[in-house]
Amino acid sequence: MRSGWMAAAALLAGSGADAQTAGMTQATRAATQADPYIWLEDKDGAKALAWVEAENRRTLARLEGDPRYAAFHREALAIASATDRIPMPGQLMGRIVNFWRDADHPQGLWRWTTAEDYAAATPQWRTLLDLDALSRAEGKKWVWKGAVCLSPEERLCLVALSEGGEDAITYREFDVAAGTFVAGGFVLPTSKQGATWIDRDTLLVSRDWGAGTMTVSSYPYVVKMVKRGAPLSTATEVFRGRPEDQLGTYATTFTDAKGHRAVVIERQSTFFGSQKSLWTPAGVKPLAIPARVRAAAMVDGRLVFETSEPWGTLPAGAVAALPLAALEGAKPQPEAVFVPTARQAVSGVDATRDHLIVDYTDNVRGRVAVLTPGAKGWTARTLALPDNAIFTVTGTSDANNRAFLVANAFLTPTTLAVFDAGSTAAPTLLKALPARFDAAGLVAEQFEATSTDGTKVPYFVVHRADAPRDGRTPTLMTAYGGFEVPMLPSYAATTGKLWLERGGAYVLANIRGGGEFGPAWHDAGRKTKRQVIYDDFAAVAKDLFARRLTSPAKLGIYGGSNGGLLMGVELNQHPDMWRAVTIQVPLLDMLRYERIAAGASWVDEYGSVSVPEERAFLERISPYHNLKRGVAYPETYIWTTTKDDRVGPQHARKFAARMKEYGLPYLFFEDTAGGHSGDADVAQAARLQALQMTYFAQRLMDE
């Protein structure tokens with residue numbers, strides 16, 4: 001089991017805009033000075049918000065005024081708030097816990113039931129924490145961000161709450177057995193922060209301790225020990241990173257069923273690389289672990305790692321282990337646990353009491369392996385599972401060998417099964433999601449496109465089997481293409497109901513930059529090599545056209561965050577290939593991205609304007625700087641959120657303002673809550689989906 005905060009391999013938390021130009025190159029400073037929309041980077045400024053309000057009025061009048069909007073919203077809200085969803089399980093204190101939101105509880109309930117009762121069709125849930133009631137009582141819109149619990153008892157937890165969906169959180173100590181916050185317990189006020197338990201009276205905390213304790217990208221880089229009952233001002237420093245680090249420094253506690261424990265401190269000097277140390281009561285000891293190797297779990301006294309670079313004889317993308325006794329060695333030699341092939345990629349690593357479970361993909365199709373440590377190394381067995389789904393392991397605990405298995409496919413409703421990692425028995429089906437749309441007559445197919453350099457790029461198409469191959473099928477296409485994040489098949493509930501049922505098709509492209517085939521697939525598109533990502537996406541579209549599945553007049557594309565950057569680049573580089581483009585919570589000004597929100601943390605992915613070669617490439621692909629007057633761009637829908645403290649709304653605002661200046665067709669909407677994910681509650685998520693689908697229907701289904 002692990003506790004504490006770790007940065008995921010995706011766009012993570014950030015802060016408000018910084019319009020200073022110190023340290024910029026002369027060329028970049030000149031570009032900034034020539035930028036007429038710097039004022040829109042004042043995220044909460046009155047002038048900027050007045051501009052947002054005016055743009056919102058124009059966009060909402062059109063989209064919400066469409067007679068289809070009400071039906072789209074009703075259907076999306078019904079799916080998001082349905083009470084017959086699968087309550088995804090976690091294990092805590094021998095109980096099954098779940099966080100749940102529906103129409104009656106839009107902020108959500110943290111709740112529990114027994115393992116036996118959970119297997120029933122209608123479990124009897126007991127509420128631990130009602131966020132709607134808490135929000136009403138305190139006059140704030142609290143959003144659930146998880147809990148960090150003290151092993152092995154798991155009774156005391158630090159509950160993470162965000163106001164309005166920001167990544168900055170407040171920690172409060174919660175007693176799971178009593179179902180209440182601990183009177184006089186640990187409270188860590190709002191900050192971008194992480195915390196892990198050392199014992200019931202001691203935490204290691206990374207947070208904003210005052211001036212000089214946050215990195216340039218607004219992550220904490222100072223770890224301090226906090227004692228129960230003592231004010232934060234008396235916390236003692238145990239480790240310090242550096243202010244120039246791209247991310248921050250955090251402690252994480254790993255434990256296993258035999259009582260072993262390792263407290264690992266990671267100084268994340270780059271987004272993908274970190275220097276690891278081991279905290280002990282005697283002090284902090286550096287570990288000779290490669291930068292792009294990260295701890296993932298612990299079992300049987302072995303710390304388990306995922307590798308994104310070679311380690312000893314192990315290739316990048318493998319799962320490795322080290323006995324704790326060897327962890328502090330000068331050149332520790334890792335044990336091979338799981339080594340994927342070139343077309344395989346590890347998706348998740350989970351530990352039970354006696355075993356390790358690895359879920360992975362093989363040519364973007366799900367597989368699950370159970371690995372067992374022994375005196376002579378690791379033994380493996382592969383679960384016998386269908387070949388047409390993606391499988392995710394969830395709800396494991398080091399108290400037992402029970403594990404839950406989620407199965408996802410485009411057209412088959414999600415199912416949940418349970419299995420014993422120590423048994424050869426097949427998983428037992430526990431729950432199944434009712435069908436959310438009529439899949440009769442639909443098929444999901446996998447094809448490959450050939451990119452500009454000859455690389456084969458897989459993609460999936462979901463469409464009507466009898467759709468004529470005449471290029472007239474309205475089609476939505478999406479991808480991500482960054483940060484080693486894979487885009488995998490999942491049950492297309494909302495897309496199925498709002499789009500597929502109405503005769504549309506859906507395409508998921510597995511382009512480079514993601515993690516569909518491990519670290520090499522990601523590294524192929526980092527920094528100045530990113531053009532292959534954009535070429536891959538265009539190649540998939542051209543393959544669709546060649547197969548007559550759709551055509552430029554019927555193809556709409558969408559993506560968010562780094563995927564929003566992808567959409568902006570595709571809009572510029574291939575304006576004639578799309579009829580509709582939705583750009584969600586995006587990066588778009590790539591010459592100033594390092595100075596907006598958390599941009600400085602992503603230099604490891606995008607490169608920096610301070611490096612001439614990288615700046616030249618960023619200038620070539622920056623969507624904000626490559627818009628041109630007089631080009632026949634398709635109308636573009638850009639949406640973001642004011643409370644996004646990862647990417648920030650500044651990029652979207654400036655891009656829309658530039659389109660307006662150039663007389664280009666666009667719609668812009670900025671929601672005032674929800675953070676980067678845009679889902680502060682079920683109603684907000686449904687509204688955003690309905691607005692986007694209305695736009696696509698107008699552009700692709702109307703003649």
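## The disulfide

A disulfide is taken here as a pair of cysteine sulfur atoms within 2.5 Å, and in this predicted model the structure holds one such link. The disulfide joins C149 to C157, with an S to S distance of 2.1 Å, a value that falls inside the cut-off of 2.5 Å. The torsion about the S-S bond is 105°, and the link of C149 and C157 is accordingly described as right-handed. Both ends are covered, since C149 is buried and C157 is buried as well.

## Two buried polar residues in loops

Q193 is placed in the loop that runs between β10 (187–191) and β11 (194–199). Although this residue belongs to a loop, Q193 counts as buried because its relative accessibility is 4%, against a limit of under 20% for that class. The side chain of Q193 reaches back to the backbone oxygen of P189, at a distance of 2.9 Å, and P189 falls within the range given for β10 (187–191).

E635 is likewise a loop residue, placed between α12 (623–626) and β37 (636–641). With a relative accessible area of 10%, E635 is buried, and its side chain makes a polar contact with the side chain of R62 at 2.5 Å. Once neighbours within four places in sequence are left aside, the residues in contact with E635 are R62, R579, A580, V581, P665, Y666, L667, Y695 and R699. R62 thus appears both as the polar partner of the E635 side chain and in the list of contacts.

## Helix α9 and the glycine within it

What distance should the 12 residues of α9 span at 1.5 Å a residue, and how far apart are its end C-alpha atoms? The expected span is 16 Å, and the end C-alpha atoms are 17 Å apart, so the two values agree. Helix α9 is largely enclosed by the rest of the structure, because 11 of its 12 residues are buried. Those buried residues are N562, G563, G564, L565, L566, M567, G568, V569, E570, L571 and N572.

G568 lies in this helix, α9, and is buried with a relative accessible area of 0%. Not counting residues up to four places away in sequence, G568 touches I583, L588 and P623. For one of these partners a backbone distance can be added: the C-alpha atoms of G568 and L588 are separated by 6.6 Å, although the two residues are 20 residues apart along the chain.

## Helix α13 and its surroundings

Helix α13 covers residues 650–661, and its 12 residues reach 16 Å from the first C-alpha to the last, close to the 16 Å expected at 1.5 Å a residue. This helix is mostly covered, with 10 of its 12 residues buried, namely Q650, H651, A652, R653, K654, F655, A656, A657, R658 and M659.

The elements against which the buried residues of α13 pack are α2 (46–63), α9 (562–573), β36 (580–584), α12, β37 and β38 (666–671). The helix α9 described above is therefore one of the packing partners of α13, because it is named among them, and it is itself largely enclosed, with 11 of its 12 residues buried. After α13 comes G663, whose phi is positive, near 70°.

## Two open antiparallel sheets

In one open sheet, four strands follow the order β23-β24-β25-β26, with antiparallel pairing. Its edges are formed by β23 (344–351) and β26 (377–382), each of which pairs on one side only. Neighbouring strands of this sheet are turned by 25° against each other on average, with direction ignored. Strand β23 is joined to β24 (residues 356–362) by seven bridges, the two running antiparallel, and within this pairing V346 has Y360 of β24 as its bridge partner.

Another open sheet of four strands has the order β27-β28-β29-β30, and here too the pairing is antiparallel. The edge strands are β27 (390–394) and β30 (428–432), each pairing on one side only, and the average turn between neighbouring strands is 30°, direction again ignored. Within the sheet, six bridges join β28 (residues 402–408) to β29 (residues 415–420) in an antiparallel arrangement, and A403 stands opposite F419 in β29.

How values were computed
Residues are numbered from 1 along each chain as its sequence is written. This is a predicted model: local features need pLDDT of at least 70, side-chain atom pairs count only at pLDDT 80 or more; totals for chains, interfaces and linings use all residues. Side-chain values use heavy atoms; hydrogens and water are left out. Buried means under 20% relative accessible area, exposed over 50%, partly exposed in between (1.4 Å probe, protein chains only). A polar contact is a pair of N or O atoms within 3.5 Å; within protein, one must be able to donate a hydrogen and the other to accept it, and residues adjacent in sequence count only if both atoms are side-chain atoms. Contact means heavy atoms within 4.5 Å. The expected span of a helix is 1.5 Å times one less than its number of residues. Two strands pair if DSSP finds at least two bridges between them. Axes are lines fitted to C-alpha atoms, for helices over the stretch in contact, and angles run from 0 to 180 degrees between N-to-C directions.
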